[in-house]
Amino acid sequence: MAPPIQRHKVRDIEARMMRAGSGAPLLFLHSAGGFPVWTPFFDKLAAQYEVIIPEHPGFGDTAGPAWIRNIGDMAMYYLDFLDTLGVGKVHLVGHSLGGWTAAEVAIRNCGHLKDLTLIAPAGLRVKGVPSGDNFIWSAEESVRNMFHNQKIADAILAMPQSEEDMDRALANRFMAARMGWEPRWHDPALARWLHRVSVPTQIIWGANDKLFPSVYSEPWKQGIPGARVEIIPECGHAVTADKGDACAATILSFLAGR
Amino acid sequence: MQFTCFTLMPYRPLDMEARHKERSAWVVLPNRLYDPVKGADEYESYINQLAYAEELGFDNIGVNEHHQTAYGMMPAPNLIASALIQRTKRVKIAVLGRALPLSNNPLFIAEEFAMLDNMSRGRLIAGFVRGIGTEYHATGVNPVFSHERFHEAHDLIVQAWTKPGPFEFEGDHYNFKYVNCWPRPYQQPRPQIWVPSQGSSETVKWAADPSRKYQFLVTFSSAELVTRYLNAYRTQAREFGYEPSGDQMGWAVPVYVADTDERAKAEAGRAIESLFGDYLPNPWEMLLPPGYTSMSSMKTTMKLRSSLGKVRPTADQLIDSGTALIGSPATVRRKISEMVDRTGVNSLVTMLQFGVLPDDLTKRNMEMFASEVMPHFRK
C-alpha cells in the first residue's frame, strides 16, 4: 500500500516524499518518468528497509527553483538533502535519471552512502551505440519502448489520464529536458571521476532496454572500482516495473551480501 | 500597405509516398529523398521568382531559415539574401528570420547581417526568431533555454550594432571579451527588426515593448487567430502607453489569385493542401519540445492547435478559416480589407509560392496579385 505523502524541505525546495518500512534507510531516486507509483517492488524493499522516495525538484508536484540548471546542481541538491535528512548513512538506489543523479552524488561525496545501486542509469554513453530518443517518441512509443512485457504497456495505455496527471507529466518532461537534452542523457565529466565512488556498487540493467542499450553497463563496470553488473533477461528500461520481482531480489541480495 | 514577396523554398520534387512513411518532413526525413540535380533547379527557380518580385513592384522580398527539412531549403538564408542583393536594386530584403538560440555564436549573425546591410546599401530587414520546435531536435540546442538564449542573443546583436566597440558582453549563455562588429550596419542606428511569431503571449509582450516596437508578424494562423494575436499586440502596446503603427503589425499568409474563385481553388488546391498536409505537419513531440514555450503557453497551443498534424486540412477548410487567401482578385482584396479593418495591419507578407505550386502558376499568381490586388492598397 502506498504510504502517505510527506514533504522534506531543503532551502527553498519542499520535496514530496513517500516513506515506508523499517530497517536501515534506503533512498530511492526516481527516473525522468517522475514520482513513482507505489508498486509491489517497493513493498519488497520496504519489508526489510525504510524506503524513502523523494520527488526531484521540478518534477510533478514539487516546484523546482531556477537554480537547478543541470545534473550537477541536482547532485549538489541531493547532498544538501542527505545532510538534512537525519537518518545517517543510506543505501542509495537510483533508476535511470535517478541512477545518474546517484552517481553524480557519489563522485562528489560518498560520506552519506553505505552502498550504491544503479538501475539502467543515464549519465554515460557508448559511442557508436545510440540511445533511444525519448524526446521524439510519441506518448504511446514512450510507454511501449519502456517495457519488454507489452501487457504492462497495454495496461498503462488503457488507464485514463486526469488533467492533473497531464500537468505532472508536462512538468516531468520539462525538467527531464533540463537535465538530459544536451549532451543527450550524459555528462562527459562523469566518466572522468567514477574512480571516486568508494562504496560497493551494483549495476542492474534490462537486457532489452530500448532507451539505453544494456551494453551501456560496460563503462560503469570499467569505471567504478569493484562494481558488479546484473543483466535481467526479458526486461526493458522500466526495470522496477517490467521485472519488479527480479529487480527487488537482485537489490536485496546485493544489500544482504554486504 | 507594404508588401513582401516571401518564399519558404519547399523541395517540391518530394516523393510524398516515401515522406508519409516518416513521422515528419522534418529532422527524420531521410535525405536520400533529396536529389541535388532537382534541388539545384529549385534554387534557381526560387531565386528567379524573388528577383522578379522587384519588377512587379513589391516593397520587400523575404527568405527564412529552417533546418533538416523538405519544408524549406534555406538552412542558411543569408546566402540567398546575398544572391538576391546582386539581382536587385530597390527592394528591401527581409530575412525572416535567423533563429538566434540555435547559434552558439550570435555575433556571427550580427556580422553577417551587417555585411548584407552594407552590400545592399541599407536594404536589409532583420528578422529574429527562435526557430520552430523541430529545430531543437535538429541542432541539439536545449529547448528549455530557448527563451533565455533568444533574449541574450538579441541583446548581444543589437548592442553589437549600436554600441561603440570594442566592449565586453557578459551573459549566461554567451560571453565575449571583445564585441567589435566590423562592419557596422549601413542603416543607422540599425536595420529594422521584425519578429515572426505564432502568437505566444511572451513574444507579443516582448516585441511590443516601447524600447523595441518591433514588427510582430503573425504566421500560419486562421483569420480568427491572426485577428486575436494582432489585437493582443495592440492591447499590449496600449498597456505600455502608446498606439502601435500599422507597420508594427504584419500578417504572413499564402495567397493565390486567379480570374475566379473556382479557378483559383482548382489551380492552388493541391498545392495548399500539400503545404499543410505534407510539409508542415509535425507530431507535437517534435513541434513543442519541452521548454520551447512556457508550460501554460504550451497547454494553450496544444488546445488551440489540437488538430495540427492529425487531420489533413482540405483546401476548402484552409480557405474558409482564412488560413490561406485563395480566390478572385475581388475576393482576396475583400479579405485583406477585412483584416485591415479588424486589426489595422499594414504589412502583408504574401507567400505566392507554397507547397508543390509549380513555377508557371507561381509566376501568373505573382503577376495577378501585383496588378489586381496590390494597387488597391496603395491609395
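The legends below describe close-up views of a predicted model with chains A and B.

**View 1. Overall fold of chain A in the predicted model.**
The secondary structure of chain A consists of 10 helices and eight strands. Its radius of gyration is 17 Å, close to the 18 Å that the globule rule gives for 258 residues, so chain A is as compact as a globular protein of that length. Taken along the principal axes, the C-alpha atoms occupy a box of roughly 45 × 40 × 35 Å. Buried residues account for 47% of the 258 residues of chain A. Of the contacts in chain A between residues at least 6 apart in sequence, 74% link residues at least 24 apart.

**View 2. The open sheet of chain A.**
Eight strands of chain A form this open sheet in the order 1-2-4-3-5-6-7-8, and their pairing is mixed. Its edges are strand 1 (5-10) and strand 8 (228-232) of chain A, each of which pairs on one side only. On average, and with direction ignored, neighbouring strands of the sheet are turned by 25° against each other. Strands of a sheet pair through backbone hydrogen bonds, either parallel or antiparallel.

**View 3. Helix 2 of chain A across the strands.**
Helix 2 (residues 71-85) of chain A lies across strand 1, strand 4 (50-54) and strand 5 (90-95) of chain A. With respect to strand 1 of chain A, the helix runs at about 110°.

**View 4. Strand 7 of chain A and the strands that pair with it.**
Strand 7 of chain A comprises residues 201-206. Strand 6 (residues 113-119) of chain A pairs with strand 7 of chain A in the parallel sense over four bridges. Strand 8 of chain A also pairs with strand 7 of chain A in the parallel sense, over five bridges. Ile203(A) is the bridge partner of Leu118(A) and stands opposite Val229(A) in strand 8 of chain A. Ile204(A) stands opposite Glu230(A), which belongs to strand 8 of chain A. Strand 7 of chain A is mostly covered, with six of its six residues buried. One side carries Thr201(A), Ile203(A) and Trp205(A), the other Gln202(A), Ile204(A) and Gly206(A), and all of these are buried.

**View 5. The surroundings of Thr201(A) in strand 7 of chain A.**
Thr201(A) counts as buried because 27 C-beta neighbours lie inside 10 Å, the threshold for burial being 20 or more. When residues up to four places away in sequence are not counted, Thr201(A) touches Asp115(A), Leu116(A), Leu118(A), Ile224(A) and Ala227(A). Arg144(A) is 57 residues from Thr201(A) along the chain, and the C-alpha atoms of the two are separated by 29 Å.

**View 6. Where chain A meets chain B.**
Here 13 residues of chain A are in contact with 14 residues of chain B. On the side of chain A that touches chain B, the residues divide into nine nonpolar, one polar and three charged.

**View 7. Overall fold of chain B.**
Chain B contains 14 helices and 11 strands. A compact globule of 379 residues would have a radius of gyration near 21 Å, and the 20 Å of chain B agrees with this. The C-alpha trace of chain B spans about 60 × 50 × 45 Å along its principal axes. Of the 379 residues in chain B, 49% are buried. Among contacts in chain B between residues at least 6 apart in sequence, those joining residues at least 24 apart make up 75%.

**View 8. Strands 2 and 3 of chain B.**
Strand 2 (residues 60-63) of chain B runs parallel to strand 3 of chain B, and four bridges join them. Lys92(B), in strand 3 of chain B, is the bridge partner of Asn60(B). Strand 3 (residues 92-99) of chain B has seven of its eight residues buried, so it is largely enclosed by the rest of the structure.

**View 9. Nonpolar cores of the model.**
The largest nonpolar core has 110 residues, of which Phe216(B) and Ile272(B) touch the most other members. Phe216(B) touches residues including Val195(B), Val204(B), Ala207(B), Ala208(B), Tyr233(B) and Met249(B), with residues up to four places away in sequence not counted. Apart from the largest core lies another core, of 74 residues, among them Leu26(A), Trp100(A), Ile203(A) and Ala248(A).

Conventions. Residues numbered from 1 in each chain as written. Chains lettered and ligands numbered in written order. Predicted model: local features only at pLDDT ≥ 70, side-chain atom pairs only at ≥ 80, totals over all residues. Helix = DSSP H or I, 4+ residues; strand = E, 2+ residues; numbered from the N terminus. Rg over C-alpha atoms; globule rule 2.2 N^0.38 Å. Buried ≥ 20, exposed ≤ 12 C-beta atoms within 10 Å, placed from the backbone. Contact = placed C-beta atoms within 7 Å. Nonpolar A, V, L, I, M, F, W, Y, C, P; charged D, E, K, R; others polar. Pairing = 2+ DSSP bridges. Axes fitted to C-alpha atoms, helices over the stretch in contact; angles between N-to-C directions. Core = buried A, V, L, I, M, F, W, Y, C linked by C-beta atoms within 7 Å.
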